[in-house]
Amino acid sequence: MSSPSKIVSIVLGLACFFSAPAMAQSEKTVNKAEKLIGPDESVENVRRGFQMLSDELRDKPEQASPAGLWLRGDAAALLALDEKTGLASALVALESYERSVQMAGYEREMEVFARLEAYLHDRAQSHDAAKTQAEALEAVEASLLYLRADEIRVALDLSRPVERARRHILAVSASLSAGDVRAARKQFEELDAMGGFIEELAIEVARKLEEQDSPHQAFLFMLAMQERHPSHRALLRAFTDLCLQNGWQKEAREALEKSVPFYKKTYEDQMQLAGYYDALGEPEKAVTHYENALQHAPRGFDANFLYAGLLQRIAEAERAKDPESAKRRLERARLSLLLILESNPDSKDAQMALKAVDDGLAGGDQDGAAEDAPQ
């Protein structure tokens, strides 16, 4: 993602101040600069030390020094903490740190680097309070610089997996707040690849993709996530809802089949599976799972009520072709509703459902009597 225009203009405006690419410092210059650069030094001293190092970088590039480059990074980081140059100085600091890391044989002091990380974290975290698009984009830029700092830790073998995942989570959240859903998707995929899958965040990325890009892009993202994490229940529900809203029943059914092995024979799990298969137009599988649920809670209101409703719908669909089967379905539905009314005699829903089932049975008997009547 490109930097906000405000930051770009600051970087260009500071070009003379920050001088040439960080490449070299003599030992003498480094020793002088060390006396001026530090957390307890004045901003003016830090600025003088930074300029001293930058001037020599420009004039004597052949004297590349990892110590000098790291010290220059510290100076730029401290100037960033002063907030007058902010993210522009942070970018220069990271570039200098990166060049230093490319050179071996130097033990680096991480205090100022850690303070820069904390500064970038706080700036990235401000995405929640951003009142303008420019502020939101600055939070995104800070989050990306925060990730870049982590790459330096990776190179130094100092990065920790949990902290790295948190940095990616922050980058995803900042990108979503700024409306850059494609960047959020890319950062989340990187997070997932490193083993930091966050179900709730994945669903939020998918929701934003659907809103700002297209349902198809949300589908592709969620399909990849669901294939990698078939045991996650909320992810499956969100993916199924998306598919049903767009007529992708086949894809939803395939995803469900991959997730079924992660469901148990408990009442709750069997009820969920019954609901999925009912919504996907597979009533017989739904019947099986409702019956499994009823084994755990024979008098359960929800299981009996939904089971009866499903049986009634199946009976209506097969009445013309197989009236005997339809009658058996309705009789079983009636038993479930009567069971509900034993414990909930005032349930209007159960009473109305029972009446509909009785009407269906009476209608079926009348149809049979009409067929048997002499012509």
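Which residues does Phe 221 touch, not counting residues up to four places away in sequence? They are Arg 185, Phe 188, Glu 189, Ala 202, Val 205, Ala 206 and Leu 209. This is a predicted model. Its chain has 375 residues, and its secondary structure comes to 19 helices and zero strands.

**The chain overall**

- Buried residues account for 45% of the chain.
- The chain exposes about 19100 Å². Carbon and sulfur atoms supply 51% of that area.
- Take the contacts between residues at least 6 apart in sequence: 64% of them join residues at least 24 apart.

**Nonpolar cores**

- The largest nonpolar core contains 57 residues. Phe 188, Phe 221 and Met 222 have the most contacts inside it.
- Helix α17 (residues 301-318) gives the most to this core, with seven residues.
- A second core is separate and has 35 residues. Among them are Ala 33, Phe 50, Leu 71 and Ala 93.

**Helix α12**

- Helix α12 covers residues 215-228, which is 14 residues. From first C-alpha to last it reaches 20 Å, close to the 20 Å expected at 1.5 Å a residue.
- Its buried residues are Ala 218, Phe 219, Phe 221, Met 222, Met 225 and Gln 226.
- In an α-helix there are 3.6 residues a turn, so residues three or four places apart point the same way.
- The cover over the buried residues of α12 includes four helices: α10 (181-193), α11 (199-212), α13 (233-245) and α14 (249-259).
- Two α12 residues, Phe 221 and Met 222, are buried and also rank among those with the most contacts inside the largest core.

**Helix α6**

- Helix α6 runs over residues 86-101 and has 16 residues. At 1.5 Å a residue it should span 22 Å, and its end C-alpha atoms are 23 Å apart, which agrees.
- Of the 16 residues of α6, 13 are buried, so the helix is largely enclosed by the rest of the structure.

**Aromatic rings**

- A search of the whole structure finds eight aromatic pairs.
- One pair is Phe 188 with Phe 197. Their ring centres are 5.9 Å apart and their planes lie at 80°, so the pair is edge-to-face.
- Both partners fall under the 20% cut-off for buried residues: Phe 188 has 0% relative accessibility, and Phe 197 has a relative accessible area of 13%.
- Trp 70, Tyr 97 and Phe 113 form one aromatic cluster.
- Arg 233 lies over the face of Tyr 263, at 3.9 Å from the ring centre.

**The loop between α8 and α9**

- This loop lies between α8 (133-155) and α9 (161-178), and Leu 158 is in it. Asp 157 has its place there too.
- Phi of Asp 157 is near 60°. That is a positive value in a residue other than glycine.
- Is Asp 157 buried or exposed? At 68% relative accessibility, Asp 157 counts as exposed.
- Leu 158 is partly exposed, with a relative accessible area of 39%.
- Leu 158 touches Met 110 and Arg 153, not counting residues up to four places away in sequence.

Note on methods
Residues are numbered from 1 along each chain as its sequence is written. This is a predicted model: local features need pLDDT of at least 70, side-chain atom pairs count only at pLDDT 80 or more; totals for chains, interfaces and linings use all residues. Side-chain values use heavy atoms; hydrogens and water are left out. Buried means under 20% relative accessible area, exposed over 50%, partly exposed in between (1.4 Å probe, protein chains only). Contact means heavy atoms within 4.5 Å. The expected span of a helix is 1.5 Å times one less than its number of residues. Rings of Phe, Tyr and Trp (its six-membered ring) pair if their centres lie within 6.5 Å; planes under 30 degrees apart count as stacked, over 60 as edge-to-face and the rest as tilted. A charge sits over a ring if NZ of Lys or CZ of Arg is within 6 Å of the ring centre and within 35 degrees of the ring normal. A nonpolar core is a set of buried Ala, Val, Leu, Ile, Met, Phe, Trp, Tyr and Cys residues joined through side-chain atoms within 4.5 Å. Accessible areas come from the Shrake-Rupley method with a 1.4 Å probe; for residues, only the protein chains shown count as cover.
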